[in-house]
Amino acid sequence: MNKNGIWWVIIIFVVGVLFILANGLRGVEVPDIGEAAYDFELSSIDDEIYRLSDFKGQYVVLNFFATWCYPCQEEEPELEKFHQKYGEEYPLLIIDRSEPKSRILEFKEEYDSTTTYLMDKDDKVSQYYGVRGQPETFIISPEGILLEKIIGPTTSEDLTNKIYLAMLNNK
C-alpha cells in the first residue's frame with residue numbers, strides 16, 4: 001500500500017471513531033435502576049398528550065415496541081391481559097418507536113388492543129431510556145423512580161409479580 005492509501009485508511013478510521021463517539025456521547029444520561037425516570041411528553045394515537053409525571057403516585061409500566069417486531073406481536077396479548085386486569089391501578093403505556101400513526105392504528109385494530117399507544121416519532125424517548133431493541137419494558141415507581149428494566153418479551157404475570165415485589169420492598 002502506498003502513502004496515499006495509508007492516509008486514507010487512517011482518515012477513515014479516525015472519522016469512524018469520531019462517529020461512534022459522537023453517537024455514544026449525545027449528552028443523554030440514561031437513568032439507572034434506582035434513579036429518576038425520564039419525564040417525557042408524547043402524543044397518543046388519539047392525539048392526547050401524555051407525560052410520565054401525570055402518573056405520579058402510581059406504578060407505571062412503559063413498553064417500547066414496534067409493529068413489525070415479532071416478539072412484540074407475541075407479547076401483545078400478555079400486555080392486553082395486564083392492561084385489562086390492572087390498567088386502572090398500574091397504567092401501561094406502549095411507546096412505538098418512530099412508526100407512522102396509520103401502522104400503529106392497524107396493529108391496535110388487528111390485536112383488538114385497548115391499551116394506550118404513544119408515538120415516539122423521533123425515537124428520542126427511547127434514547128433517553130437507553131432502549132436498544134424491542135420489546136423493552138420499564139417499571140416506574142409512584143415517586144418516578146426507575147425500578148425495573150425488562151429486555152425482551154414479558155408476561156402479565158411477570159409484570160404483576162415485579163410490581164408486587166417492588167411494593168413489598170418499598171415498605
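1. Phe-138 has a relative accessibility of 1%, so this residue counts as buried. The value comes from a predicted model, and the same caution goes for the rest of this note. The partner to look at is Phe-64, which counts as buried at 0% relative accessibility.

2. How are the rings of Phe-64 and Phe-138 arranged, edge-to-face or stacked? They form an edge-to-face aromatic pair, with 5.6 Å from centre to centre and 85 degrees between the planes. The pair links distant parts of the chain, since Phe-64 belongs to strand 3 (residues 60-65) and Phe-138 to strand 6 (residues 136-140), 74 residues apart. Both residues also belong to one aromatic cluster, together with Tyr-38, Tyr-128 and Tyr-129.

3. The structure holds 15 aromatic pairs. One of another kind is made by Tyr-50 and Phe-55, which are stacked: the ring centres are 6.4 Å apart and the planes differ by 5 degrees. Buried means under 20% relative accessible area. Tyr-50 has 17%, so it is buried, and Phe-55 counts as buried at 13%.

4. For the overall layout, the chain has five helices and seven strands. Their order along the sequence is α-β-β-β-α-β-α-β-α-β-β-α. The chain has 171 residues, and 42% of them count as buried. Of the contacts between residues at least 6 apart in sequence, 68% join residues at least 24 apart.

5. Which residues have the most contacts inside the largest nonpolar core? They are Val-61, Phe-82, Tyr-117, Leu-159 and Ile-163, in a core of 22 residues. At least two residues of this core come from each of strand 3, helix 2 (70-86), strand 4 (92-97), helix 3 (101-110), strand 5 (116-120) and helix 5 (156-170). Helix 2 gives the most, with four residues.

6. Phe-82 is a useful residue to click on when viewing this core. Once neighbours within four places in sequence are left aside, Phe-82 is in contact with Val-61, Gly-87, Tyr-90, Leu-92, Ser-156, Leu-159, Thr-160 and Ile-163. Val-61, Leu-159 and Ile-163 are also among the residues with the most contacts inside the core.

7. Another core, of 18 residues, lies apart from the largest one. Its members include Tyr-50, Leu-118, Tyr-129 and Val-131. Tyr-50 has already appeared as a partner of Phe-55 in the stacked pair, and Tyr-129 as a member of the aromatic cluster.

8. Ser-44 is worth a look as well. This residue lies in strand 1 (residues 41-44) and counts as buried, because its relative accessibility is 2%. How far apart in space are Ser-44 and Tyr-117? Their C-alpha atoms are 5.6 Å apart, although the two residues are 73 residues apart in sequence. Not counting residues up to four places away in sequence, Ser-44 touches Tyr-50, Tyr-117, Leu-118 and Met-119. Of these, Tyr-117 belongs to the largest core, while Tyr-50 and Leu-118 belong to the core of 18 residues.

9. The last point concerns the surface. The accessible surface of the chain is about 10100 Å², and carbon and sulfur atoms account for 55% of it. Where is Trp-7 placed? Trp-7 is in helix 1 (residues 3-24). Its relative accessibility is 52%, so Trp-7 counts as exposed. With Ile-6 and Ile-10, Trp-7 forms a nonpolar patch on the surface, and the three together have about 300 Å² of accessible area.

Definitions and conventions. Residues numbered from 1 in each chain as written. Predicted model: local features only at pLDDT ≥ 70, side-chain atom pairs only at ≥ 80, totals over all residues. Heavy atoms only, no water. Patch = residues over 30% accessible without salt bridge, like charges linked within 9 Å, V, L, I, M, F, W, Y side chains within 5 Å. Areas by Shrake-Rupley, 256 points an atom, 1.4 Å probe, with all protein chains shown as cover. Salt bridge = Lys/Arg side-chain N within 4 Å of Asp/Glu carboxyl O. Buried < 20%, exposed > 50% of the residue type's maximum accessible area, 1.4 Å probe, protein only. Phe/Tyr/Trp six-rings, centres within 6.5 Å; stacked < 30°, edge-to-face > 60°. Core = buried A, V, L, I, M, F, W, Y, C linked by side-chain atoms within 4.5 Å. Contact = heavy atoms within 4.5 Å.
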